[in-house]
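Got your viewer open? Load the model below and let's take a short walk through some ring pairs and one loop residue.

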Amino acid sequence: FNNTLILIQAKTAKFDGNFTRFKKKTIDSSMHQLKGSINRCKNKNFEIRLKNVKGKEITIDKDKIKSIVGIITTYEIKPIVSFDKAQLTLEHSLEKMNEIPHIFSIDELNKILSYFNTLADFLDYLEKREKVVSNKAVKYVVEEDIIGLYYKSGRTMLPDGVSEEEMKKVD
């Protein structure tokens, strides 16, 4: 959409009470797969071919891709809601991939999508969300709070008392 490629990694691992093991099976493995997919998309020798819902093969023109959005989803809700998203996002961010992953439970992703009427609005939210979840000075764990900030701030994602210059700094 608008020269943006959206890559989604979905995991169905069950949470057994051990967050470290759950994180390794879901987030870490998804990040590894996402990184590989992004690298293949940037490789000029690799062709991106998909099948649409009617089974017709489509080849993506990689020269038209201007940005890549990575989304990781898991079916388990509780561990995703309870961790510090900013910390987890920073673990897997700029220095490793040049793209910041968006990490959601499948329920969170469905709820987020219900707030936006168009794909363009959703992509705008994700772009601005990166500023919030990658900034250690801003603490939001619950996705509804991040969406609330998006709308309350007139879609700028500037928290009260935080300047645009402060938001540009990624610690």
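Start by selecting F116, F122, Y125, Y150 and Y151: ring pairs join these residues into a cluster. Keep in mind as you click around that this is a predicted model. Across the structure there are six aromatic pairs.

Zoom in on F116 and F122 first. Their ring centres sit 6.4 Å apart, and the planes meet at 55°, so this pair counts as tilted. That label follows because tilted covers whatever is neither under 30 degrees (stacked) nor over 60 (edge-to-face). Now switch on a surface and check both partners. F116 has 7% relative accessibility, so it is buried. F122 is buried too, at a relative accessible area of 5%.

Next, select Y150 and Y151. Here the ring centres are 5.2 Å apart with the planes at 75°, so you're looking at an edge-to-face pair. Are these two tyrosines buried or exposed, or something in between? Y150 comes out at 0% relative accessibility and is therefore buried. Y151 has a relative accessible area of 34%, which makes it partly exposed. The reason is that the partly exposed class runs between the 20% limit for buried and the 50% limit for exposed.

For the last stop, leave the rings and select D63. You'll find D63 in the loop that connects β3 (57-60) with β4 (67-74). With a relative accessible area of 54%, D63 is exposed. Now add N3 to the selection and draw a C-alpha to C-alpha distance: D63 and N3 are 9.2 Å apart in space, although 60 residues separate them in sequence.

Notes: Residues numbered from 1 in each chain as written. Predicted model: local features only at pLDDT ≥ 70, side-chain atom pairs only at ≥ 80, totals over all residues. Heavy atoms only, no water. Phe/Tyr/Trp six-rings, centres within 6.5 Å; stacked < 30°, edge-to-face > 60°. Buried < 20%, exposed > 50% of the residue type's maximum accessible area, 1.4 Å probe, protein only. Helix = DSSP H or I, 4+ residues; strand = E, 2+ residues; numbered from the N terminus.
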